[in-house]
Amino acid sequence: MINPYASLDDVGVAIAAAGAGADVVRSMYGQRLTRIDKGAGDFATVADVEAEKTILGVIRAARPDDAVLGEEGGQQGAAEAARQWLVDPLCGTLNYAVGNMLVAVNVALRGGAAAVADPFSGEVFFTDGETAWVRRDGADAQLAPTPATRLVDVNLDPPFPGAPGFRAVDLLAHPGFVERFRPRVVSTTLALAWVAAGKRAAYVTDGGDLSGSVHFAAGIALCQAAGCVVTGVDGAPIRQAGRGLVVAADGETHQLLMSMICSRSRRHA
C-alpha cells in the first residue's frame, strides 16, 4: 500500500495532520458528545480523542521514529527525543461543546514546522520555521501582521499565576488601553494565528513558559515566523524567564501594551 505521507517535508506533515484533525472536528460538530472529565473544571470530548488519533496516524505514517506529546494521549516516544511533535487536537473544547465554532487544531514540531487549522473557515495557517502562510481555498498567501484593526485578544480564563502583580482583566481597565485598542476575548489559540494574519493587533495571556505547550507552540511558531514581537508578560524572551505571552503585530503595539502591564504591576508590587 502506498503511504501518501512518506514523501512530505515537515511543514507538509504539519499541514496534513492539522487538516486531518480539522476534518474530524468538523464532521462531529453538533453531535451530542459525552464529556470526559479531566479535573479542575476541564474536560475533553470524543471529538478531541478521535481528532488526536487521526493526527497521530498521519504523523506516525510520515515520521514513525518521532516522539509525540498529545493533549489527550500524553507522551508517546522518548520525552528527550530530538524530534517531538506537540498536538492539541481541539483547542476550544468548551466552545465546541456548546456549539461555538471558535476552535483550532494545533500541530507543531518542536523548534520547526507548525500548522493551525480552523475547521470551519477551512483556513490552515502554517510555517516552515522561517516564513508563515495561510492556505485558503487551495491558494497560499504569506502572512502579514498589522496593528491596523486595533483589536487585542486578552485571555481571561483561569488560572491566574501572575496575580496579584499581573491580572489580564486589569489591562482592559487601563485608560491607555481604552484610548488605543478594543478588547476581544477568544478562548482558542486561533487568536495567535489571527495576530500573524493581521486580523488582530495583539494577544495577551498569563501563564508559565508556554513555548513547549501543546496549546500554544504552533501559534507561537506562526507569530515568530511572521515577524510579530513575542515575549512573556514580563517582557522577557520566551524559553528564558518569560512567562505567559504578549504577542504584537509590531514593536510599537508591543511597547504600549508592556508599558500598561508594567504600570499595573507596579501598583500591586
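Which helix or strand gives the largest share of the lining of the second largest pocket? In this predicted model, that share comes from helix H7, which contributes five residues. Helix H7 covers residues 217-226, and both this helix and strand S6 (104-109) supply at least two residues of the lining. Altogether 17 residues line the second largest pocket, and those that lie nearest its centre are Gly111, Gly112, Ala221, Gln224 and Arg239. The space inside is about 190 Å³, and the lining is made up of nine nonpolar, six polar and two charged residues.

From here the reader can turn to the largest pocket, whose volume is about 970 Å³. Its lining consists of 36 residues, and the closest to the centre are Asp42, Asn155, Asp157, Pro158 and His215. Several elements contribute to this lining with at least two residues each, namely strand S2 (42-45), strand S5 (84-91), helix H3 (93-97) and strand S13 (202-205). When the lining residues are sorted by character, 16 are nonpolar, 14 are polar and six are charged.

The aromatic rings offer another way through the structure, and the model holds three aromatic pairs. In one of them, the ring centres of Tyr29 and Phe120 are 4.9 Å apart and the planes meet at 65°, and because an angle over 60 degrees is the mark of this arrangement, the pair is called edge-to-face. The two partners come from distant parts of the chain, 91 residues apart: Tyr29 sits in the loop between helix H1 (10-28) and strand S1 (35-39), whereas Phe120 sits in the loop between strand S7 (114-117) and strand S8 (124-127). Tyr29 has a relative accessibility of 24% and therefore counts as partly exposed, and Phe120, at 23%, also counts as partly exposed. Tyr29 and Phe120 belong, with Tyr96, to one aromatic cluster.

A further aromatic pair is formed by Phe177 and Phe181, whose rings are 5.6 Å apart from centre to centre, with 50° between the planes, an arrangement described as tilted. Are these two residues buried or exposed? Phe177 has a relative accessibility of 1% and so counts as buried, and Phe181 is likewise buried, with a relative accessible area of 2%; the cut-off behind both statements is that buried means under 20%.

One last contact brings a charged side chain together with a ring: Arg35 lies over the face of Phe43, at 4.3 Å from the ring centre.

Methods: Residues are numbered from 1 along each chain as its sequence is written. This is a predicted model: local features need pLDDT of at least 70, side-chain atom pairs count only at pLDDT 80 or more; totals for chains, interfaces and linings use all residues. Side-chain values use heavy atoms; hydrogens and water are left out. On a 1 Å grid over the protein atoms alone, a cavity is a set of points where a 1.4 Å probe fits but cannot get out, and a pocket is an open set with protein on both sides within 12 Å along at least five of seven lines; lining residues have an atom within 4 Å of a point. Grid points are joined across faces, edges and corners, and a volume is the space filled by probe spheres set on the points. Helices (H or I, at least four residues) and strands (E, at least two) are DSSP runs, numbered from the N terminus. Ala, Val, Leu, Ile, Met, Phe, Trp, Tyr, Cys and Pro count as nonpolar, Asp, Glu, Lys and Arg as charged, and the others, Gly among them, as polar. Rings of Phe, Tyr and Trp (its six-membered ring) pair if their centres lie within 6.5 Å; planes under 30 degrees apart count as stacked, over 60 as edge-to-face and the rest as tilted. Buried means under 20% relative accessible area, exposed over 50%, partly exposed in between (1.4 Å probe, protein chains only). A charge sits over a ring if NZ of Lys or CZ of Arg is within 6 Å of the ring centre and within 35 degrees of the ring normal.
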